[in-house]
Amino acid sequence: VTHRVEVVIAEKKPVFLTQTVSGTLEAVTKIRLYNEESGRITKMPYHEGDFVKKGDLLIQLDNELLKTDVDKARASKEQAKVDLSRLKKLLTKKIATEEEVANARTVLDLAIAEEKRQLTRLRRTSIKAPIDGLITRRLYEPGDLLAQQSHIQTIIDPTKIRLKASLAERWIPLVEDGQDVALHIDALGDKTFTAHVERVHPTISLGTHKGIVEILLDPVPDNAKVGQFVRAEIKLKASNRLVIPVHAIHYEPEGAYVYRVIKNENSESTAEKVFFEQGQQFGALSEALTEIKINDMIVTLGHLGLRDGKKVEIANPDQL
């Protein structure tokens, strides 16, 4: 009795798969502001949520003593200039020596350097906004006494926001820099926003076997904020994979197998049971790595009662 089956042709073709990743939004540019000089805060006009312009004064430390040090250094420099000038005149009269003039020049150079050092310390008591941005953290208040290298404020650029998401290592090679991504922000409803892959990190975590994909919102939607939960759909493309339908595959302890229709020497069609190695699965399609060849006729319907070597009749020849 001939067994009726439907088949598909195994072929190489581009395949696609959509992976959904999730996480929270973060700022691309996030700057923590520290003080390089110790001192007491005298001014700190901006709070969390305030927008500032580049160059705005964010933190002012008490600098009265440093101003005195600058005045002292400047006076030492002026005196060193006078001493050098006097010794140069005495040198022409053979009253001073070349060595004394050289020493006076060194003293002047040191005085100039000391003035520059004290001016630099004075400038560092005024901390200004390095970018146009948004204050997100304020850790101290005016009147607080700071030790050196205290984290005082944090500022971000709210115009550039990203999602850094983890993706399984087997999918990382299928992600392309710059590709479009559909992004959903839970707090903003069912809208889909435009985003793109900005960067794929070059390393894989040894612990999780996942890589990092950076997805940049472009442009940043209205009301999108750092910290919001988001989901992104990344379309993965793998070109020229030999694939067959998943529902054509069966399993035994020996592994995965399909039935392939072959022609015998009498031009009769028979079913052949073929064990093969599966590759990656792309939705309803699975990659075949071994045994199955291009143009093989793979049985997709009519498996009930089918066995190796049984005569078959192809029920859908017009679809091949």
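**Contacts, backbone features and the largest pocket of a predicted model**

Beyond its neighbours within four places in sequence, Asp177 is in contact with Val197, Arg199 and Val200. The model described here is predicted. Asp177 sits in the loop between β11 and β12. Its relative accessible area is 58%, so Asp177 is exposed. Between Asp177 and His196 the C-alpha separation is 8.0 Å. Along the chain, these two residues are 19 residues apart.

Arg199 gives the reverse view of one of these contacts. Arg199 belongs to strand β13, which spans 193-204. Not counting residues up to four places away in sequence, Arg199 touches Asp177, Ile212, Val213 and Glu214. The pairing of Asp177 with Arg199 therefore appears in the contacts of Asp177 and again in those of Arg199, with contact taken as heavy atoms within 4.5 Å. Ile212, Val213 and Glu214 are touched by Arg199 as well; strand β14 covers 210-217. Arg199 is partly exposed, at a relative accessible area of 41%. Ala165 lies 34 residues from Arg199 in sequence. In space, the C-alpha atoms of Arg199 and Ala165 are 11 Å apart.

Glu169 also lies in the loop between β11 and β12. That loop follows β11 (161-168) and precedes β12 (180-185). Glu169 has a relative accessible area of 39% and counts as partly exposed. Its contacts, with neighbours within four places in sequence left aside, are Ile204, His209 and Lys210. Thr203 is 34 residues away from Glu169 in sequence. The C-alpha atoms of Glu169 and Thr203 are 9.5 Å apart.

His209, a contact of Glu169, has an unusual backbone angle for discussion. Phi of His209 is near 60°. This value is positive, and His209 is a residue other than glycine. His209 is located in the loop between β13 and β14. At a relative accessible area of 44%, His209 is partly exposed.

Asn295 likewise has a positive phi, of about 75°, and is not a glycine. Asn295 occupies the loop between β20 (285-288) and β21 (297-301). With 56% relative accessibility, Asn295 counts as exposed.

Another backbone feature falls in the loop between β14 and β15 (229-245), where Pro219 lies. The peptide bond joining Asp218 and Pro219 is cis. Omega of this bond is about 0°.

Lys310 was examined in a further loop. Lys310 is placed between β21 and β22 (312-314). Its relative accessibility is 17%, so Lys310 counts as buried; the cut-off for burial is under 20%. Lys310 and Pro202 are 108 residues apart along the chain. Their C-alpha atoms are separated by 51 Å.

The largest pocket holds about 170 Å³ of space. Its lining comprises Phe51, Leu134, Ile156, Pro158, Ile161, Val220, Pro221, Ala224, Lys225 and Val226. Nine lining residues are nonpolar, one is charged and none is polar. Lys225 is the charged one, because Lys counts as charged. Val220, Pro221, Ala224, Lys225 and Val226 are among the lining residues, and the loop between β14 (210-217) and β15 (229-245) is also the place of Pro219.

At the level of the whole protein, the secondary structure comes to two helices and 22 strands. The radius of gyration is 37 Å. For 320 residues the globule rule gives 20 Å, and the value for the protein is well over this, so the protein is more spread out than a compact globule. Taken along the principal axes, the C-alpha atoms fill a box of roughly 125 × 50 × 35 Å.

Of the 320 residues, 38% count as buried. The exposed area of the protein is about 18,700 Å². Carbon and sulfur atoms supply 49% of that area. Among contacts with a separation of 6 or more, 73% are between residues 24 or more positions apart.

Technical notes: Residues are numbered from 1 along each chain as its sequence is written. This is a predicted model: local features need pLDDT of at least 70, side-chain atom pairs count only at pLDDT 80 or more; totals for chains, interfaces and linings use all residues. Side-chain values use heavy atoms; hydrogens and water are left out. On a 1 Å grid over the protein atoms alone, a cavity is a set of points where a 1.4 Å probe fits but cannot get out, and a pocket is an open set with protein on both sides within 12 Å along at least five of seven lines; lining residues have an atom within 4 Å of a point. Grid points are joined across faces, edges and corners, and a volume is the space filled by probe spheres set on the points. Helices (H or I, at least four residues) and strands (E, at least two) are DSSP runs, numbered from the N terminus. The radius of gyration is taken over C-alpha atoms; the globule rule is 2.2 Å times the number of residues to the power 0.38. Buried means under 20% relative accessible area, exposed over 50%, partly exposed in between (1.4 Å probe, protein chains only). Accessible areas come from the Shrake-Rupley method with a 1.4 Å probe; for residues, only the protein chains shown count as cover.
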